[in-house]
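Below are some comments on the model you sent, set out as numbered points so that each can be checked against the coordinates.

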Amino acid sequence: MAMACSFLNTDEASPASLTDLCLTYVSQNLDCFCVKRPDGSFCFREAVLFPQELADQLLAKMATEGLLNDSTVGVFRNCEYLRLRRACIRTARISAEAFQKALCPHRLLELDAARVNADLTIPDILQGLSTNKYCQESLQRLVLTGLTMSSLEEPIWYRFSSLQGLRSLSLANVDFYDSGLVDVCSLPRLESLDLSNTSVTNLSPLLGLKERLRSLTLHQLKRLEMSTAQLLGVIGQLNVLQHLDISDDKQFTSDVARQLLGQPGILPALVSLDVSGRKQVTDAAVKAFVEERPGMTFVGLLATDAGFSDFLSGEGTLKVTGEANETQICEALRRYSDREGFVREALFHLFSLTHIMEKPRPDILKLVVLGMKNHSATLNVQLAASACVFNLTKQDLAAGMPVRLLSTVTQLLLEAMRTFPNHQQLQKNCLLSLCSDRILQEVPFNRFEAAKLVMQWLCNHEDQNMQRMAVAIISILAAKLSTEQTAQLGAELFIVKQLLHIVRQKATQGVVDATLKFTLSALWNLTDESPTTCRHFIENQGLDLFIKVLESFPNESSIQQKVLGLLNNIAEVGELHGELMVQSFLDHINNLLHSPEVEVSYFAAGILAHLTSRGEEAWMLSPSLRSSLLEQLHAVIMKWPPPECEMVAYRSFNPFFPLLECFHTPGVQLWAAWAMQHVCSKNASRYCSMLLEEGGLQQLEHVHAHPQTHRDVRLLAESILESLQHHRARTGQLLQTNTSRRPPPQ
């Protein structure tokens with residue numbers, strides 16, 4: 001529960017704290033700060049004295065991030081500089097030897113080892129702690145949830161009774177038996193005990209704690225062999241008990257809850273009672289029980305027939321888990337985050353409420369995230385949670401959610417897609433949530449991983465509505481990837497094949513729709529500065545298909561623009577020029593060069609500029625055709641009116657610099673200069689910085705001063721140089737940039 005509280009108390013709307021950022025950096029870059037001992041464990045290069053609380057936080061951060069292992073835990077061997085008091089190693093993968101060397105020498109007050117790997121058993125932990133005499137007295141809290149345990153009837157050196165200072169012990173989800181309970185109940189200071197889902201059959205040893213046990217959790221005791229009367233006979237003698245949990249998410253038929261609620265005077269000190277999942281529980285019985293104990297602050301009623309009266313609404317000082325209203329459901333998600341069955345039940349009821357939510361509810365989304373995190377391998381939880389996520393982030397609701405929270409939930413959706421690749425409804429839920437402008441454009445997450453997962457889905461399903469959504473996601477994600485990632489993604493042959501398959505379907509049907517447009521955009525992005533992807537495109541008859549698309553939709557300028565944009569990428573690859581030197585293809589391009597739509601004419605001109613830029617010796621068709629195309633290219637560009645908006649987005653000007661060197665073909669130079677002048681005039685802050693950083697100033701000055709430069713080219717170069725001068729005067733410092741070119745925003 002401590003980990004849950006930590007996450008829920010984080011303010012996702014604020015930036016991460018400096019402490020948290022530093023701890024994250026250190027934990028993720030330990031190899032930069034450490035040297036390795038002969039046994040492979042890490043040791044800080046310099047003896048840095050950590051404040052004690054920060055040492056605890058660093059250990060917890062490493063565990064949470066999945067970075068705690070036999071090597072990294074070695075930094076905690078130095079007890080003088082990193083002093084641990086409250087050690088959290090949840091879900092870590094460390095051996096018994098590493099645990100004993102790194103953690104057992106510390107004077108621990110608390111140890112949370114929930115769900116560590118099976119190599120580290122409860123006997124290993126008890127044996128390690130017993131080697132430190134201070135720990136035997138100082139350790140107050142021990143969490144061993146979900147660990148492996150051998151029989152306690154074996155060696156005596158790992159008995160719990162050696163930890164004389166222990167006040168709180170959790171053995172939930174452990175194969176823990178009656179003999180172990182006898183040992184535990186001999187602890188002289190034990191006040192809190194969690195035996196949930198253990199193999200205990202008889203609770204009579206608890207009577208040894210009756211004068212000091214304040215909290216007892218008995219959730220889902222699957223092997224209990226006591227009758228209801230015997231069980232209540234023991235529980236009723238725990239005189240100072242304040243918290244009792246006898247909930248059960250397996251819906252057993254025992255009437256222990258009914259009998260407990262109906263027994264006058266039992267457990268007078270009780271302030272918290274959980275009977276969630278129990279049968280025969282009524283509002284009247286619960287109300288009478290609570291009124292007899294005016295100090296009660298909590299009642300657990302999820303998956304019972306109770307909780308629907310105003311008295312048990314959960315709105316006041318008495319907190320209630322249940323399904324009657326939003327307050328009860330949220331309380332259930334908060335309290336039961338580790339209990340798979342209850343999380344599933346609460347999410348199921350939450351889903352029906354999220355349908356009608358009109359305002360952003362980050363508080364509820366955080367609770368859903370908590371359930372997803374804790375039960376990532378449970379299909380029913382992920383199914384219900386992903387459906388709730390969609391309802392909580394759809395349309396304008398995502399705009400009101402903190403970016404950090406959306407980032408966390410997006411990563412969890414991707415994890416669910418990876419874990420359950422063949423579950424269609426879950427995949428659909430995740431895709432629906434991902435298909436959000438806010439998430440795709442503004443939220444940080446692993447876009448490369450997301451693009452691969454969505455592509456895998458697309459290759460395995462034919463659902464038309466989902467297909468449209470999937471290609472929309474891919475087209476946007478591909479535009480956000482680095483050049484290297486785009487090339488890596490596009491290099492996967494099945495991706496190009498599948499996208500071309502969709503285009504072929506649409507061309508055959510003669511349908512212009514969102515799916516076709518997004519698919520063309522995706523291919524445009526994936527071929528950008530990726531010769532391998534361009535080659536895949538050609539080898540899979542992409543050129544013939546795109547000619548067919550141009551012929552099928554002669555009046556669709558938006559389609560023409562995307563087709564020509566991709567073919568520009570192909571034309572940038574010199575080794576593929578031979579594939580494009582086809583008379584029929586060039587006839588199409590020449591025709592589109594004269595399109596009244598500047599956006600179409602511009603990309604047709606770009607293809608011709610690249611194909612003619614390598615000189616007469618590389619031209620494979622008639623010289624007269626080349627001369628004619630160059631003349632038309634120059635004439636058309638001079639007629640273009642300035643576009644009202646940015647037609648294309650670039651991540652680098654590198655493809656243009658070789659074109660500027662073509663003094664023997666001024667039409668080619670003119671196209672490159674026009675393109676640069678266009679984006680610099682529309683978005684000076686971005687493109688002037690980019691041009692200066694990539695050496696464009698010197699290149700343009702060279703073109704401007706060269707005696708062979710055509711007057712039209714010189715005028716454009718002069719205009720760009722003026723823009724660069726204004727930008728330098730205004731900003732002083734240059735901006736950094738990436739290295740590639742992109743289609744315009746969709």
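The points that follow concern a predicted model, and they take up a helix pair, the nonpolar cores and one buried helix in turn.

1. Helix 20 (residues 464-480) packs with helix 22 (residues 493-509) at an angle of about 125°, the two axes lying 12 Å apart. Because of that angle, helix 20 counts as oblique to helix 22, and the crossing between helix 20 and helix 22 is left-handed.

2. On the side of helix 20, the contact is made by Gln464, Gln467 and Val471, while helix 22 contributes Leu499, Ile502, Gln505 and Lys506. Sorted by class, this contact comprises three nonpolar, three polar and one charged residues.

3. The largest nonpolar core holds 155 residues, and the members that touch the most others are Leu347, Phe546, Leu567, Tyr602 and Phe653. Apart from neighbours within four places in sequence, Tyr602 has Trp640, Met647, Val648, Tyr650, Phe656, Trp671, Trp674 and Ala675 in contact with it. A second core, separate from this one, has 93 residues, among them Cys135, Leu171, Leu216 and Leu270.

4. Within helix 24 (residues 531-539), the buried residues are Thr533, Cys534, His536, Phe537 and Ile538. These buried residues pack against helix 21 (483-490), helix 22, helix 23 (514-526), helix 25 (542-552), helix 26 (557-571) and helix 27 (577-580), and helix 22 is also the partner of helix 20 described above.

5. A backbone detail can be added here: Gln541, which comes just after helix 24, adopts a positive phi of about 60°.

How values were computed:
Residues numbered from 1 in each chain as written. Predicted model: local features only at pLDDT ≥ 70, side-chain atom pairs only at ≥ 80, totals over all residues. Heavy atoms only, no water. Axes fitted to C-alpha atoms, helices over the stretch in contact; angles between N-to-C directions. Helix = DSSP H or I, 4+ residues; strand = E, 2+ residues; numbered from the N terminus. Parallel < 35°, antiparallel > 145°, perpendicular 65-115°, else oblique. Left-handed = near helix turned anticlockwise from the far one by under 90°. Contact = heavy atoms within 4.5 Å. Nonpolar A, V, L, I, M, F, W, Y, C, P; charged D, E, K, R; others polar. Core = buried A, V, L, I, M, F, W, Y, C linked by side-chain atoms within 4.5 Å. Buried < 20%, exposed > 50% of the residue type's maximum accessible area, 1.4 Å probe, protein only.
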